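Here is a friendly walk through one protein model, best read with the structure open beside you. Have a look at it first, and then we can go through the helix and the strands together.

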Amino acid sequence: MATAIYTVKGMTCGHCVSSVKEEVGGVSGVTSVEVDLASGLLTVNSDGPVDAAQIVAAVEEAGYEVASPV
């Protein structure tokens, strides 16, 4: 099991959180997604290593920006 943490910019409400969770949760290998609106932290758990570019692309698809991996 692997865990990666990212900082997401631009989220302002619960709908934003839901959009990010839905898109990132659809990435192959991802088992769970946690998003903290207040801090902007996105925690991704997976069966194994997931390419960071796939996570960034999923966040961008939801309409937000990854500031940086933590």
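In this predicted model, H15 and E22 are exposed on one side of helix 1. The other side holds the buried residues C16, V17, S19, V20 and V24. They span an arc of only 160 degrees around the axis, so they sit on the same side of helix 1. What lies over these buried residues? The cover includes strand 2, strand 3 and helix 2.

Helix 1 itself has 12 residues, and the distance from its first C-alpha to its last is 16 Å, close to the 16 Å expected at 1.5 Å a residue.

For finding your way around, here are the elements mentioned so far:

| Element | Residues |
|---|---|
| Helix 1 | residues 14-25 |
| Strand 2 | residues 30-36 |
| Strand 3 | residues 41-46 |
| Helix 2 | residues 52-61 |

Now to the strands. Strand 2 and strand 3 run antiparallel and are joined by six bridges. One of the pairings links V35 to L42 in strand 3. The two strands make a hairpin with four residues between them. In the turn, G40 has a positive phi of about 80 degrees.

Finally, a closer look at one residue of strand 3, T43. Is T43 buried or exposed? With a relative accessible area of 19%, T43 is buried, because the cut-off for buried is under 20%. Leaving aside residues up to four places away in sequence, T43 touches T3, A4, I5, S32, V33 and E34.

Methods:
Residues numbered from 1 in each chain as written. Predicted model: local features only at pLDDT ≥ 70, side-chain atom pairs only at ≥ 80, totals over all residues. Heavy atoms only, no water. Buried < 20%, exposed > 50% of the residue type's maximum accessible area, 1.4 Å probe, protein only. Contact = heavy atoms within 4.5 Å. Expected span 1.5 Å × (residues − 1). Arc of directions from axis to C-beta. Pairing = 2+ DSSP bridges.
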